[in-house]
Protein chains: 2
Amino acid sequence: MKTPYKIVDVFENGACTGNPVCVVKIEGAMPEDKKLQALANWINLSETTFISDSEVADYHLRIFTPDNELPFAGHPTLGSAWAFAELDSNKTLIKQKCAYGEVLIERKGNMLTFTLPHYIKGEHIDSEELCAQYPLAVCHSPQIYTTGPVWMVAQVVDKSALMSVSVGSEETVKWMKRYNAEGINLFYVEDDGSITIRTFFHANDLMVEDPACGSGNAAVGAYLIENKRFPPMGYIAYQGKARSRDAVVKVSVKNGAIQIGGKCRTIMEGFVDL
Amino acid sequence: MKTPYKIVDVFENGACTGNPVCVVKIEGAMPEDKKLQALANWINLSETTFISDSEVADYHLRIFTPDNELPFAGHPTLGSAWAFAELDSNKTLIKQKCAYGEVLIERKGNMLTFTLPHYIKGEHIDSEELCAQYPLAVCHSPQIYTTGPVWMVAQVVDKSALMSVSVGSEETVKWMKRYNAEGINLFYVEDDGSITIRTFFHANDLMVEDPACGSGNAAVGAYLIENKRFPPMGYIAYQGKARSRDAVVKVSVKNGAIQIGGKCRTIMEGFVDL
């Protein structure tokens, strides 16, 4: 079955500087889950999504990593809304239904912004344990936030240490699993209020680095709100340098809800034989 | 610039069971290397190739990993020849020019076979050192063979130990670099003469597993020839189970030269905005 698809660069700042998501439009019956998972495993992007018709929203979205299905993810939400707008609609306010709930996405030209439906504050993380995995001095109290995935969040003191840290070992995977966490966001606050962030997560028991992460940045936003250090006008997060990218993430708050924005661009498009 | 491309499943045994390669056809001037490397980094497949016109062969091929350019690679050679045949030609004997030299590819339906131009036998590898990285009993003498990339090759005694071994750590990367090796092929010979193989290599100082590897299987073929244990009729190698694939590689010898064959299938095709 030949099915339309796009591979969209999300949080881009020039072609191929953001995080790609493969977005497949299902026309007719949904193929069996095994096929969706096999494609996501094969194409090897951090996420592959499948858009289908919805009775309650503009489209229904399913999100697969190479290993499993996710209830929600940030950059796949923006990339899928962008592909939906290009394929089907010129809408500027897009409603997405996914397993995490309904998500609203605003589109202004190629800048798309989603509003996170909700987040959950989790456990405190022991700083010494964290430093045993990543040799970094951290400020304040590292913490878990669930923004779809379960994220660890820690603010670090030194930017060059952040940039030189490696993704983590099999020991790190075991440590994260004890907290039920899927990954960690380590960030540094610049003098101008912008942040530099690296997101590491485990997949198939290996640690990898995400080039640019929507839900991870939302978790950092939640952490800054809870610690009363969220800048009133929002801030810009820079991500991906260690993976040869140059991604830009806009983080803001509207009516108490966290919003994540980024520019989208279609790099590849055509048909997939599903 | 909108440019035709295909993502081809190589060594496939059913859709999305092999190793994908992204093949881009350059029409007109070759974009600057920075752009080619950025696309290969972004799409995150083990290899992305660029086909252009050649005066001495059917096409000129350049091969990029997410991090650097390679002189030769096996599954990208088969996938590129398949894309060339689909896009431009019905040829059954295809001549490819790449940095490693001229490579002949035979096409019989969707089965493509390349002949390795040459290989180089390298150093002996210390078995105890190997076992410090991978807790496996090895038979005979592990050895380096260059078949484009520089590969370690080791035959292992126990299949279940092979299937449960992990890809290796940062220590493994350092150990491989001391031998100038890019990766290792660990293989087990079944009673029927077929082999089960896992290929691990380092990229950006992290160890990863290749779902199915042409030049790696050629290195194993070279090892078996040198040890006078290459089956006269050739053999089948099975690869990729640990990465949820089910790849099939045909290894044979013709006039003293190693041949690597596999079935190809186009899964995705369209245009890339390069």
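Throughout this passage, a residue is called buried when its relative accessible area is under 20%, exposed when that value is over 50%, and partly exposed in between (1.4 Å probe, protein chains only). The structure is a predicted model, in which local features need pLDDT of at least 70, side-chain atom pairs count only at pLDDT 80 or more, and totals for chains, interfaces and linings use all residues. Residues are numbered from 1 along each chain as its sequence is written, chains are lettered from A and ligands numbered from 1 in the order in which they are written, and side-chain values use heavy atoms, with hydrogens and water left out.

A good place to begin is A:Gln239. Its relative accessibility is 3%, so A:Gln239 counts as buried. This residue sits in strand β15 of chain A, residues 235-239; helices (H or I, at least four residues) and strands (E, at least two) are DSSP runs, numbered from the N terminus. Polar contacts are pairs of N or O atoms within 3.5 Å; within protein, one atom must be able to donate a hydrogen and the other to accept it, and residues adjacent in sequence count only if both atoms are side-chain atoms. The side chain of A:Gln239 makes one such contact with the side chain of A:Thr199, at 2.6 Å. The A:Gln239 side chain also reaches the backbone nitrogen of A:Cys213, at 3.0 Å. With contact taken as heavy atoms within 4.5 Å, and residues up to four places away in sequence not counted, A:Gln239 touches A:Ile197, A:Asp210, A:Asn217, A:Arg245 and A:Val249, among others.

Helix α1 of chain A spans residues 33-43, and its buried residues include A:Leu36, A:Leu39, A:Trp42 and A:Ile43. Just after this helix, A:Asn44 takes a positive phi of about 70°.

Salt bridges come next, each being a side-chain nitrogen of Lys or Arg within 4 Å of a carboxyl oxygen of Asp or Glu. By this rule there are 35 salt bridges over all chains. In chain A, A:Glu190 pairs with A:Lys159, with the closest N and O atoms 2.8 Å apart. This pair links distant parts of the chain, 31 residues apart: A:Glu190 is in the loop between β12 (183-189) and β13 (195-203), and A:Lys159 is in helix α4 (residues 159-164). A:Lys159 counts as partly exposed, at 33% relative accessibility.

In chain B, B:Arg62 and B:Asp33 meet in a salt bridge of 3.0 Å, N to O. B:Arg62 lies in strand β4 (residues 59-64) and B:Asp33 in helix α1 (residues 33-43), so this bridge ties together parts that are 29 residues apart in sequence. B:Arg62 is buried at 15% relative accessibility, whereas B:Asp33 is partly exposed at 41%. A salt bridge also joins B:Glu209 to B:Arg198, at 2.7 Å between the closest N and O atoms. Here strand β14 (residues 206-210) holds B:Glu209 and strand β13 (residues 195-203) holds B:Arg198, so parts 11 residues apart in sequence are tied together. Both partners are buried, B:Glu209 at 7% relative accessibility and B:Arg198 at 5%. Salt bridges that share partners also join A:Lys2, B:Lys6, B:Glu86 and B:Glu269 into one network.

Finally, the two chains can be compared, with copies superposed by least squares on the C-alpha atoms of residues with pLDDT of at least 70 in both. A turn of 180° and a shift of 0.0 Å along the axis lay chain A on chain B with an RMSD of 0.0 Å. This is the relation of a two-fold axis. The same surface serves both copies, as 100% of the contact residues of chain A recur in chain B.
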